[in-house]
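Work through the three exercises below with the sequence and the model at hand. Each task is followed by a solution in steps.

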Amino acid sequence: MAMSVCPVPPEQRPLQEYQQLSDSWFFRWPLHSFKGLIVALAGGWLLLLPLAVLVASGSVPLRHNPAQMVLVAAVSALLLPLLLLLRQWLGWCYVQRRLLSEKISYEESGWYDGQEWEKPLDWRQQDLLVAQHQVKPILARLIRATLMVAALLLFGSSICQAF
């Protein structure tokens, strides 16, 4: 089927949504490598760390123990990378679900007029390839990074409890 026959607005087509995420500064982090994702998350963690130290310094017991205060701040600052990973996971899962679907749900002019259009076979094949070879590795990197941050959070929390 030709592209002109498709009633779905171009910005709501799964391949276009994939391209929009790929071009986005935030969603591009896990696109090519695990290392790039970790560097971006570490940058967010480092940006939040001074604020977390400032908040932790408001605690009287922590104020008298600077090492523990910095440790608590470092562990609590891990919440930002975890939230960033969650947001990325939701965005990429949404695109993957749209790519794998046999029908495209779309809105012509607003939220109240939702429609569905069945993808032609060639669209489904192309979308399946993108979902399997482009989006699936991204989701695998996001899972790996989430597990790593969660492990650091649990490990750091247990160390904080040991003090």
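**Exercise 1: D127**

Task: State which helix holds D127, whether D127 is buried or exposed, and which residues beyond its sequence neighbours D127 contacts.

Solution. The structure is a predicted model.
- Step 1. D127 sits in helix α6, which covers residues 121-162.
- Step 2. The relative accessibility of D127 is 2%. Buried means under 20%, so D127 counts as buried.
- Step 3. With neighbours within four places in sequence set aside, the contacts of D127 are P14, L15, L99 and K119.

**Exercise 2: M148**

Task: Place M148 in a helix, classify its accessibility, and find its contacts outside the sequence neighbourhood.

Solution.
- Step 1. Helix α6 contains M148.
- Step 2. The relative accessible area of M148 is 33%. The partly exposed class lies between 20% and 50%, so M148 is partly exposed.
- Step 3. Apart from neighbours within four places in sequence, M148 contacts F34 and I38.
- Step 4. For the pair M148 and I38, the sequence separation is 110 residues, and the C-alpha to C-alpha distance is 9.8 Å.

**Exercise 3: L54**

Task: Locate L54, decide whether L54 is buried or exposed, and name the surface patch residues that accompany L54.

Solution.
- Step 1. L54 belongs to helix α2, residues 34-56.
- Step 2. L54 has a relative accessible area of 59%. Exposed means over 50%, so L54 is exposed.
- Step 3. L54 forms a nonpolar surface patch with L51 and V55. The area of this patch is about 320 Å².

How values were computed: Residues are numbered from 1 along each chain as its sequence is written. This is a predicted model: local features need pLDDT of at least 70, side-chain atom pairs count only at pLDDT 80 or more; totals for chains, interfaces and linings use all residues. Side-chain values use heavy atoms; hydrogens and water are left out. Helices (H or I, at least four residues) and strands (E, at least two) are DSSP runs, numbered from the N terminus. Buried means under 20% relative accessible area, exposed over 50%, partly exposed in between (1.4 Å probe, protein chains only). Contact means heavy atoms within 4.5 Å. Patches are made of residues with over 30% relative accessible area and no salt bridge: like charges are joined within 9 Å, nonpolar side chains (Val, Leu, Ile, Met, Phe, Trp, Tyr) within 5 Å. Accessible areas come from the Shrake-Rupley method with a 1.4 Å probe; for residues, only the protein chains shown count as cover. A salt bridge is a side-chain nitrogen of Lys or Arg within 4 Å of a carboxyl oxygen of Asp or Glu.
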